[in-house]
Amino acid sequence: MGRPARLEAVARPPLLDRVELRRVEAARALDPRARSDLGQFLTPPPVASFMASLFERPCEEVRVLDAGAGVGSLLAAFTAKACARGVRPSAIRATGFEIDPRLAAHLRRTARECRHECAGAGIEFTAHVIEADFIRSAVERLDGGRPSPGLPRSFTHAILNPPYKKLRSGTDARAALRRVGIETSNLYTAFLGLAILLLEQGGELVAITPRSFCNGPYFRPFRELLFREMSLRRVHVFESRKAAFAEDEVLQENVIVHAVKGGRCTSVTVSSSRGPEGELLSLRSVPFDDVVRSGDPERFIHVVPDGAGERVAAMFARLPSRLADLDVGVSTGRVVDFRAREFLRQEPDSSTGPLIYPTHVASGVVRWPKRGKKPNALVHAPETADLWMPSGNYVLVKRFSSKEERRRVVAALFTPESAPGDRIGFENHLNVLHRSGEGLPALMARGLAAFLNSTLVDTHVRQFNGHTQVNATDLRNLRFPTVEQLTQLGRRVPDPGLPQDELDRRVDDVLGFADGDLQATRNRTKRAE
């Protein structure tokens with residue numbers, strides 16, 4: 001693939017400098033609450049320039065879409081790159097959607113500057129700034145309704161930094177999206193889905209988004225749409241989840257994708273960097289089947305940017321089992337605390353049983369009871385009869401890791417000695433690994449907890465999981481060692497709280513992996529935080 005590049009290897013064009021001043025001014029003026037309501041995070045210049053550089057298709061007349069355009073940073077970067085190319089288009093027809101009137105005013109000024117830039121390069125430039133709801137306008141265009149003036153029938157290019165915000169199921173936006181076959185729970189995948197449908201055959205999409213669409217059941221319909229309509233060409237990841245939008249304190253991991261409408265994808269370029277400004281990239285071409293595994297009904301997207309990650313992926317591929325093969329089930333804890341509020345107790349007594357929250361998970365074990373804000377007990381009552389599980393050996397995995405935790409996968413062993421009583425309540429923010437609703441064999445449970453707490457698992461999960469949630473579907477899709485290997489590992493790890501280096505060494509030994517592989521990946525994970 002050639003030498004690794006930098007995100008921004010040359011001096012920034014004056015156009016981008018002027019737009020950057022506008023972006024900083026707009027960001028300071030925006031009410032943080034209003035920004036949160038709209039899911040607005042404005043694109044820094046190095047990221048915008050890098051995104052614009054990914055487009056490949058030469059086009060005589062460009063029709064470019066920027067939905068959720070903000071002050072026009074992406075449009076300016078796209079224009080600057082077009083003007084600097086050896087083979088330039090004869091015309092650029094830009095359409096920018098921005099619903100915030102203050103940002104739309106900035107966007108109009110940016111469009112005027114883009115027109116001036118293009119005039120100097122001999123390119124005709126026109127822009128339509130549409131101050132309207134992109135979802136409603138795009139659906140009307142796609143569904144044969146009355147589209148917004150200035151919205152063409154299709155686009156040759158789309159460059160997006162869409163808003164990040166949940167879409168609740170009963171909203172008008174969700175209903176509108178279903179009219180054109182899009183089912184999604186977040187604004188950013190709604191914007192991407194509509195942009196995909198608005199592209200002509202051979203049209204190109206470049207977007208920066210949260211990485212959360214790469215896995216999980218809620219984003220499966222979007223992944224199916226993406227791979228049905230588009231050929232994935234490039235995936236770029238930032239190793240630190242604070243890198244791309246550091247000044248906005250965005251803690252989502254971000255990914256930049258480049259895809260082409262239609263065609264067949266055989267290989268994907270995967271790259272990574274520490275941050276948006278000037279850091280060297282790792283860059284490699286991998287078979288498409290390494291990114292989206294054939295036969296995976298969930299269509300998880302695995303991003304493995306370097307050789308160390310490739311070794312982890314290869315190690316995982318050699319593991320023979322899924323949870324179902326081990327006769328292990330996984331479900332979320334049955335106690336939803338706001339629904340059972342009247343039966344929660346801070347202190348246990350004779351009328352209660354133990355209630356386990358994620359806060360009770362520490363150093364691979366359950367420490368109960370614990371003083372703090374969360375209850376420690378659940379009342380025995382007819383209303384709580386279905387919320388209990390029989391005491392036994394369980395493996396608990398936090399569904400959400402906090403931003404302070406270095407690990408994505410945080411597992412703990414629960415044993416009958418962890419808390420007294422013949423029935424246990426597990427709160428809903430825990431995944432519970434069990435056998436037919438009851439406990440697991442003791443050594444196997446201990447081995448499962450050790451395996452899930454290994455660097456091998458944490459590194460592998462990060463290859464497809466870009467947010468802080470680990471759900472039951474993720475665990476069902478993981479590969480695991482055999483029952484015999486897990487039992488052997490349970491014998492080798494009598495203390496779930498072993499130091500990470502020692503735990504990894506014992507996992508390495510039992511699974512027969514090359515000495516030092518897990519240590520190397522752990523060091524890389526530390527550097528990425």
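Ala, Val, Leu, Ile, Met, Phe, Trp, Tyr, Cys and Pro count here as nonpolar, Asp, Glu, Lys and Arg as charged, and the others, Gly among them, as polar. By that division, the lining of the second largest cavity holds 9 nonpolar residues, with no polar and no charged ones. The model described here is predicted.

**The chain as a whole**

The chain has 529 residues, and 58% of them count as buried. Its secondary structure consists of 17 helices and 20 strands. Among contacts between residues at least 6 apart in sequence, 77% join residues at least 24 apart. The accessible surface comes to about 22,300 Å², and carbon and sulfur atoms account for 49% of that area.

**Cavities**

How many cavities of 30 Å³ or more does the structure hold? There are 2 of them. Their volumes and linings are set out below.

| Cavity | Volume | Nonpolar lining residues | Polar | Charged |
|---|---|---|---|---|
| Largest | about 50 Å³ | 8 | none | none |
| Second largest | about 40 Å³ | 9 | none | none |

The largest cavity is lined by Leu192, Ile196, Leu205, Phe213, Phe222, Leu226, Leu232 and Val257. Two helices, α8 (187-198) and α9 (220-229), are the elements that give two or more residues to this lining. The lining residues divide into 8 nonpolar, no polar and no charged.

Around the second largest cavity stand Phe213, Cys214, Leu226, Leu232, Val235, Val255, Val257, Ile301 and Val303. Here β6 (230-238) and β7 (254-261) each supply at least two residues. Phe213, Leu226, Leu232 and Val257 appear in the linings of both cavities.

**Helix α4**

Is helix α4 mostly covered or mostly uncovered? It is mostly covered, with 10 of its 12 residues buried. A residue counts as buried when its relative accessible area is under 20%. The buried residues of α4 are Ser73, Leu74, Leu75, Ala76, Ala77, Phe78, Thr79, Ala80, Ala82 and Cys83.

The length of α4 can be checked against its residue count. The expected span of a helix is 1.5 Å times one less than its number of residues. For the 12 residues of α4 (residues 73-84), the span should therefore be 16 Å. The C-alpha atoms at its ends lie 17 Å apart, which agrees with that expectation.

How values were computed:
Residues are numbered from 1 along each chain as its sequence is written. This is a predicted model: local features need pLDDT of at least 70, side-chain atom pairs count only at pLDDT 80 or more; totals for chains, interfaces and linings use all residues. Side-chain values use heavy atoms; hydrogens and water are left out. On a 1 Å grid over the protein atoms alone, a cavity is a set of points where a 1.4 Å probe fits but cannot get out, and a pocket is an open set with protein on both sides within 12 Å along at least five of seven lines; lining residues have an atom within 4 Å of a point. Grid points are joined across faces, edges and corners, and a volume is the space filled by probe spheres set on the points. Helices (H or I, at least four residues) and strands (E, at least two) are DSSP runs, numbered from the N terminus. Buried means under 20% relative accessible area, exposed over 50%, partly exposed in between (1.4 Å probe, protein chains only). Contact means heavy atoms within 4.5 Å. Accessible areas come from the Shrake-Rupley method with a 1.4 Å probe; for residues, only the protein chains shown count as cover.
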